[in-house]
Each structure stands twice: as structure tokens, then as C-alpha cells.
Amino acid sequence: MMQRFRDLLVFESASRLVLACDSIGGIGPKPADSVSVDARTVAHFGVRVPLLEVLCSGARPIALVNALCVERDPTGQEMIDEIEILAAQAGIPADAVTGSTEENAPTSATGLGITVIGALSQDLPKAQPGDVVICAGLPIAAPDFTLYIGHPDQVTVAEVRRILESGLVHDALPAGSHGVGFETDEMARIAGLQARWTGGRIVDPKRSAGPASCVLFACAPEATDEVIALLDDGRPAQPVARLTPPD
């Protein structure tokens, strides 16, 4: 249960809490930013990573905190609008999105910090022996690729939530800068298993996935097609590994 009290969010829960955070600095529409990007795009890629991390832990996202180092109008409001869109995709209502902007001094560079809080009412997920690992989306990252909201090779928060709520997967993990191969091995390690790469036609295991452009799902082999069918039409996805007991 969550309620607002002045500028606070007050939680009453018997669940364990899961927290994930991310930050961005020097990327945005301000004159001193090192990389020029519109405010909505900065917010989108700043918020999707911690949202996906909480979702893939098996927790239910219940609140999102944004610390925006820019003025409220116009830059901050553009960021907040995009943050609320992604929060809604993850199941967080607008009144559970809170934060602050910089109103005391002019800002010449963009900065933001995001914290996502989730309630965990079950055990942490763990892949099972024999599971297939599906890569949903492709590993894409700057500067080799131009990232933008709605990129066809980037899996969305809404798709990930849909798959997780299907009950078909045993574990899920966003892939980041280490690449799909590294994250697949990490998923296997946590489960005490070994990842046997089966070779993806369209997935480079060493390429950076940047801001979690793709997500790994571990499921029983017979559920593979059903999991992939839950993605939006045209979203690239394929099995990339099998998890087995260690030799």
C-alpha cells in the first residue's frame, strides 16, 4: 500500500523491496551537453534500464523517483511526460511517480537520476535445467547505431511485462553494455547451470546492448514459440542458448 504525505511516498508492505537506479549526465538539449539529444529521448533511455531490472527480478514496480537537474519548464516537463509513459507500461500509476527539478539556478547541462522501487512477494527468479534462452530485441548501442524511441529492434517495457506476466518464463535479464553472451552466462551462473551458446543468426553475443535494448528470457523449450508470439509483430527474437547442468 502506498500513500502520499506532503512530498513523501509512504509504503506499508509485507513484501521485500527491490531498488534499481540509473543516471545520465551531459546528454540532452542544453548548450553545455556533450551529446545533443532531445529531452524526451534522454528520459526514455534513462528510465527503461532500472524499470526492466526491477521487472526482471520478479518484483512488481510500485514507485519511480526522478531527480532532474534541469528546470521544470520546458525541459523537465518533457522528461516527466516520457517517464510517466514508461512507468505506466510497467504498471506504476502516475501518483506513484515523484521527483524534483532545479528551480534555484539556471542549468546549462542536462542531468537526471532515476530510482525504481518494486515489491517482491516471491522468491527471486532462477532458470531451470534444460531451459532455452530467448533474446528479445537486438543488441544495439551508440555510436554504432542511432537509438531512438520506438526503434524496431528494441524490446519495449510493455512487451517485457506482458511476457513476465504470462507465467511462461523462469528467469529474465536485461542485456546491457557487456553484451548478450556475458548476460547469458550470468543467468546460468545464478542458477548453477552452464550456458551452451547455440548461435543466433541475428544476435552478436559480444555486441553492446547499451540501454537494455534486448532482454533475455529463460523458458522450457516447448514454450519458446509462445513466448516469442507475445512480442509485438516484427520484433526480432530468437533462441540463443540452452542451459544445462555443469560438466
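The protein is built from five helices and 13 strands, as seen here in a predicted model. Its C-alpha trace stretches over about 60 × 45 × 30 Å along the principal axes. For a chain of 247 residues, a compact globule would have a radius of gyration near 18 Å, and the 19 Å found for the protein agrees with that. As for what is tucked away, 47% of the 247 residues count as buried.

One of the buried residues is Leu-243, which sits in strand β13, running over residues 237-244. Leu-243 counts as buried because its relative accessible area is 0%, and the cut-off for that label is under 20%. Between the C-alpha atoms of Leu-243 and Gln-122 there is a gap of 23 Å, with 121 residues separating the two along the chain.

Charged side chains come next. Side chains of opposite charge can pair when their charged atoms come close. Searching the whole structure turns up ten salt bridges. One of them joins Asp-81 to Arg-40, with 4.0 Å between the closest N and O atoms. This pair links distant parts of the chain, given that Asp-81 belongs to helix α2 and Arg-40 to helix α1 (residues 39-56), 41 residues apart. Both ends are partly exposed, Asp-81 at a relative accessible area of 30% and Arg-40 at 29%.

A salt bridge also brings together the side chains of Asp-144 and Arg-207, at 3.6 Å from N to O. Here the partners come from loops: Asp-144 is in the one between β9 (132-136) and α3 (157-165), and Arg-207 is in the one between β11 (194-197) and β12 (214-219), so the pair ties together parts that lie 63 residues apart in sequence. Asp-144 is exposed, with 61% relative accessibility, while Arg-207 is partly exposed at 30%.

The bridge between Glu-186 and Arg-189 has its closest N and O atoms 2.7 Å apart. These two are in helix α4 (residues 180-190), and because they are three residues apart, about one helical turn separates them. Glu-186 is partly exposed at 23% relative accessibility, whereas Arg-189 is exposed at 54%. Elsewhere, Glu-159, Arg-162, Asp-232 and Arg-235 are joined into one network by salt bridges that share partners.

Finally, there is a negative patch on the surface, made up of Asp-38, Asp-73, Glu-78 and Glu-103. Among them, Glu-78 lies in helix α2, which covers residues 72-89. With a relative accessibility of 33%, Glu-78 counts as partly exposed.

Technical notes. Residues numbered from 1 in each chain as written. Predicted model: local features only at pLDDT ≥ 70, side-chain atom pairs only at ≥ 80, totals over all residues. Heavy atoms only, no water. Patch = residues over 30% accessible without salt bridge, like charges linked within 9 Å, V, L, I, M, F, W, Y side chains within 5 Å. Areas by Shrake-Rupley, 256 points an atom, 1.4 Å probe, with all protein chains shown as cover. Lys, Arg positive; Asp, Glu negative; His and termini not counted. Charge placed at Lys NZ, Arg CZ, Asp CG, Glu CD. Helix = DSSP H or I, 4+ residues; strand = E, 2+ residues; numbered from the N terminus. Buried < 20%, exposed > 50% of the residue type's maximum accessible area, 1.4 Å probe, protein only. Rg over C-alpha atoms; globule rule 2.2 N^0.38 Å.
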